[in-house]
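Thank you all for coming; I would like to walk you through one structure this morning, taking the sheet, then the cysteines, and then the charged side chains. Please have a look at the sequence and the model before I go on.

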Amino acid sequence: MAALFGGVEGGGTRSRVVLVAADGRVLAEAEGPCTNHWLVGAATCAERIQELVSEAKRRAGVDPKVPLRSLGLSLSGGDQEDAIALLLEELRRRFPCLSESYHLTSDALGAMATATDRGGIVLISGTGSNCKLINPDGSETGCGGWGHMLGDEGSAYWIAHQAVKTVFDCMDNLQVPPHDVGHVKQAMFQYFQVSDRLGLLTHLYRTFEKAKFAGFCQILAAGAQAGDPLCCHIFSKAGEVLARHVVAVLPKIHESLFQGELGLPIVCVGSVWNSWDLMREGFVRVLAQARGERPGGPFTHFSLLKLRQSSALGGASLGAKSIGQALPLDYAANVDVFYSHRF
C-alpha cells in the first residue's frame, strides 16, 4: 500500500484530521471535538485523535489497523515538552496501529507550515489566542499562548470575558462602563439561559467549559454588526491587543520578512478573524503607532493571510519532514490575502 501521512489540527473547540499521499494530495478529512490536552487531559485527547484518524482512514478506503507512516500533530497547547511526552506515550501505548511515527508541535507552527516555508507571523484568535514568529532560519519568538487564566487576549474567550465583566462591574457600581450595557446584559442572560447574575455562576465555575463560554463571542459579534456601541468597543479593543502581540515580536523579525511583495506576512487563524471589519481600526492604529516610533525602519507594510486549507495539512508536512519525507505543497493555493496596509 502507498505511504499515507496524517496531520491533526487540534483546537480548543474543534479539530480536524487530513490524510495526505506522498505527492501532496489530500485523500480524506475528518472533523471532531477539542483536542487541547490542557483542557481535556492526555487520555481523552489521545482517544479523540485515534477516533478522528481512524475515521479519516475509513473515508480514504484504508484499513484503520494499517498505521500511517507519520502523524503530525499541530495542537493548541502543544508547546510544553513534558505534556507532549505524556500525550505521545499515551498514543503509542494505547493505539499501536495508529502511526509508525509522531511529530507534535503547536497549532501556530502547523498553520505556518500550511501557508509558507519562508517564515512569517502566525496570529491565532479562536477560542484562545497566540502569536508566533517563525524566521526564515527557523528561529522562533512567541507572545501569548498562556491560556485563559493568564492570557488569551483578543480571543473569543477574552472578548466574551470582557463583555461579561463589564456588565458585572457596572451592576456592582465598581466601574463606569464605556457604553450602555443593556444590550450585552440581555444577550448574556439569553445565551447562558439564566435570569440573573447568580445563575451565571454555575457556568463560570461548577460546569465551566471554555468553548461554551467563548461561544458568547458570536452573539457579541452579531451585536456589534447591529451597531451596539459596547460590542463595537470590545471588538475594537480586541483588534488593539492582537496587534500588540505583533508589536511584541517586531524586534526579533529577520529583515527579509519585511521585503517581500506582501510586506510582513501575518497568517491569521481562528474564527474571531471572521469579524475583522470590527477589529480593523484598532489593529491598524496600534501597528501604525509602532511604525511611527521607528520611521526609518524596515516595517513599511503588512498583509493579513487566511488559510484556505486546514493547518492539519501543515501538521502532516511537518510530520513527514520529521522522518525525512518532503510533501509537495502548493502554498499559493493554501492562503488568501484578505487585507494589506502600507504606512
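**A sheet, its cysteines and its salt bridges**

Let me begin with one pair of residues: Ile 124 has Asn 130 as its bridge partner in β7. I should say straight away that this is a predicted model, so please keep that in mind throughout. In the same way, Val 122 has Lys 132 as its bridge partner in β7. These pairs belong to the contact between strand β6, residues 120–125, and strand β7, residues 129–134, which run antiparallel and are joined by six bridges. Three residues lie between β6 and β7, and the two strands form a hairpin.

What does β6 pair with in the parallel sense? That partner is β9, and the pairing extends over four bridges. Here we meet Val 122 again, since this residue stands opposite Val 267 in β9. For those of you new to this, strands of a sheet pair through backbone hydrogen bonds, and they do so either parallel or antiparallel.

Now let us step back to the whole sheet, which is open, has six strands in the order β8-β7-β6-β9-β10-β11, and shows mixed pairing. The edges are taken by β8, residues 140–144, and β11, residues 335–342, and because each has a single partner strand, one side of each is left without a neighbour in the sheet. From one strand to the next, the twist averages 20°.

Is β6 mostly covered or mostly open? It is mostly covered, with six of its six residues buried. Helix α10, residues 229–249, packs on the sheet and touches β6, β7, β8 and β9, and its direction makes about 150° with that of β6.

Let me turn to the cysteines. How many disulfides does a search of the whole structure find? The search finds zero, and the distances help us to see why for particular residues. The closest cysteine sulfur to that of Cys 217 is in Cys 231, at 9.6 Å, which is too far for a bond, given that a disulfide needs the two sulfur atoms within 2.5 Å. For Cys 231, the closest cysteine sulfur is in Cys 232, at 6.9 Å, and this too is too far for a bond. Cys 217 is buried, with a relative accessible area of 7%, and Cys 231 is also buried, with a value of 1%.

Finally, the charged residues, where the count comes to 17 salt bridges. Side chains of opposite charge can pair when their charged atoms come close. One of these salt bridges joins Glu 55 and Arg 59, with the closest N and O atoms 2.9 Å apart; because these residues are four apart in helix α2, residues 42–59, about one helical turn separates them. Glu 55 is partly exposed, at 26% relative accessible area, whereas Arg 59 is exposed, at 53%.

In helix α3, residues 81–94, Arg 93 and Glu 90 lie three residues apart, about one turn of the helix, and they form a salt bridge with the closest N and O atoms 3.4 Å apart. Glu 90 counts as buried, at 12% relative accessibility, while Arg 93 is exposed, at 52%. Glu 90 also forms a salt bridge with Arg 94, where the closest N and O atoms are 3.1 Å apart. Salt bridges that share partners join Glu 47, Glu 90, Arg 93 and Arg 94 into one network.

Methods:
Residues are numbered from 1 along each chain as its sequence is written. This is a predicted model: local features need pLDDT of at least 70, side-chain atom pairs count only at pLDDT 80 or more; totals for chains, interfaces and linings use all residues. Side-chain values use heavy atoms; hydrogens and water are left out. Two strands pair if DSSP finds at least two bridges between them. Axes are lines fitted to C-alpha atoms, for helices over the stretch in contact, and angles run from 0 to 180 degrees between N-to-C directions. Contact means heavy atoms within 4.5 Å. Buried means under 20% relative accessible area, exposed over 50%, partly exposed in between (1.4 Å probe, protein chains only). A salt bridge is a side-chain nitrogen of Lys or Arg within 4 Å of a carboxyl oxygen of Asp or Glu.
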